[in-house]
Amino acid sequence: MRFVPRLRSIQARYTTTATALLLIVLIAVSASSDLAIRYRIQDDAFNDAERVASQWSAAVRNGNMPSLIPTSTGVNLIQLVDARGKVLGASREVWGKPPLSAIRPPSDDRFQRLTDGCLILMAIRVSPTADAPVVYAGIEEPSILRKHRLEYFFAGSALILLIFAAWMTWAVVGRTLRPVAAIRERMSEITVSDLSLRVPMPPGEDEFALLASTANQTLARLQEAVEQQRQFASTTSHELRNPIAGLRTQLEEALLYPDDVDSRETIQGALSATGRLEAIVNDLLLLARLRVADPAARELVDIGKLVEEEAEAQTSGVPVYVHAVSGVWVCGSQIQLIRVVGNLLSNARRHAEVSVKISVESVGGQAVVAVVDDGAGIAPADRERVFERFTRLDDGRRRDSGGSGLGLAISRDIVRSHYGTLRIEDSPRGARFVLRLPLMDAERTVPSSPQETSPQETSPQEASPQHALPQAAPRREPPSRIAAFSRCRGA
C-alpha cells in the first residue's frame, strides 16, 4: 500500500526532498541550540548565585549577617532561613515574603542547585549541624526561558527559514527546468509532415544546452532521412513503373495476339526486363543495407593490391592500365571496397573509347585512387548529378540500356561510410573519378621509394594492360601491423 503519493513533477520532488532534509537539519540545530542556550544561562546564574551565597554563608558563620541583606550584583534574591523555616534575613526584593524554597540541603551535601518555579537558586547549608540555617541566593528565571519562549522562538525561526528555503528551491528548480519545458513544448509541435522546427537553444554550455543541441542534430538527421526516403520512394516508383509496364505490355500482346507475336522474342524481352528489375531491386536492397544496417567488419586493406586484383578479374572490354603502389593501407570492408572499385572500372570501360587508366598513390595521409577513361567525359554541370539515384546520362543509356543507375550512388555511400570522398575531377580527356580514403597509420608507414611516391599517369604504351600487369614492388607492411589491425577492428 502506498502511503506517500508519488510526485510526478521533478520540481515538486526536488522541493519536497530539499524541504524535508532542511527540516531535519533545523530540528537538530534548534534542539541543540535551545539546550545549549538554556544550559549556558542557567549555569551562569548558578555560578553567580553560588558566589553570593558562599559570601553570606561565611558572614553567618562569622556573626556578621544583617537582617536586611544588601545586594550589589545581579543576584537580588537572598534569604537566610533557619531549620524551622523562619526567615532570619532577606534582601529588599524578598523582604517579608515566605522562604524562597522548602528544600534544605543535607548535611553531607551542603551545596545544591535548585529551580523552584520561575527561580534559579543556590542553596548552601551554613554548617553540617542539624539546626544549621540555609542561605538561598538566586534570580528570577530570564523571561526568554519562561513558558517555552526560547522553543517558540526557534520553532518560528525554523518555520520561516523552511518556507523561504522551499520557495527558493521551487523557484530555482523551476527556472532550471524552464528550458526542458520549452524543449518539450516545441517537440510536441513537431510532426512527421513537418520536421523543419527546431527546439530552442538555452544560453550557456550546460547539460540542457547539450540536450537541445543533440535534439536539433537528431531532428536534422531525421529530416534529411525522411526527405531522402520520400525522394527515394518517388524515384523508385517511377523507375520500377517503366520496366513493369513494358513487361506487362509484352505479355498482354502475346496473349491477345498469339498469331502475330513471336513468342521467343516476347520471352527474351520479358527476361531482359526481368533482369533489369532484378538489378534495380538488388541495388535498392544494397542501398537500404548501407543506410540502416550495422557497419561491416573492418580490416586492413592494401588498396593497391585490391585494385590490381579487381582489374585482373575484368577481362572483357577495353584494356585497363594499372599503376598502383603497394603498401597503401586503409581500414575498411574489403568486400565493399571491391564493389566500389568494380563499379568505377565498369563505368569507365563502358564509356571509354580505347583504354582505361587507374592509379593508386598515397598523398597527404590519404589513399588516392584515380580512374580515368578516354571517352566523351562528363560536363561539369552533371558531375554531381551522376551520383544521384537512377541518374543516367544519355551516353550511358545509349551504351548500356539495362543498367540500374544506382552503381555510382552505391559507391559514394560506401565511400562515405569509410570516411572518404568520391568525386569527378578535371581531366584533359574523358572522365576522371577520384576516390580518397584515409590511410591507416599513415604517419608510421614505411616511406615508399621515390618511384612509388610520385607516380605519373602513364600512357598506354608505357603501362601494361590488365592481362599483362607489371610486377608490383615487393609488398611492404606497416611496422606495427598487429597494433594497426587492432585499431582498425576497434574503429
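**Strand pairing and aromatic contacts in a predicted model**

Visitor: What makes S8 and strand S10 (residues 356-363) a pair?

Guide: Two strands pair if DSSP finds at least two bridges between them, and S8 and S10 are joined in the parallel sense over five bridges, so the pairing rule is met. Strands are DSSP runs of E with at least two residues, numbered from the N terminus. This is a predicted model, in which local features need pLDDT of at least 70 and side-chain atom pairs count only at pLDDT 80 or more, while totals for chains, interfaces and linings use all residues. Residues are numbered from 1 along each chain as its sequence is written, and side-chain values use heavy atoms, with hydrogens and water left out.

Visitor: Why is Phe153 called buried or exposed?

Guide: Exposed means over 50% relative accessible area, buried under 20%, and partly exposed in between (1.4 Å probe, protein chains only); Phe153 has 52% relative accessibility and therefore counts as exposed, whereas Phe154, at 14%, counts as buried.

Visitor: How do you know that Phe387 and Phe433 form an aromatic pair, and what is its geometry?

Guide: Rings of Phe, Tyr and Trp (its six-membered ring) pair if their centres lie within 6.5 Å, with planes under 30 degrees apart counted as stacked, over 60 as edge-to-face and the rest as tilted. For Phe387 and Phe433 the values are 6.1 Å centre to centre and 75° between the planes, so the pair is edge-to-face. Both residues are buried, and Phe433 lies in strand S13 (residues 432-438), 46 residues apart from Phe387.

Key:
Helices (H or I, at least four residues) and strands (E, at least two) are DSSP runs, numbered from the N terminus.
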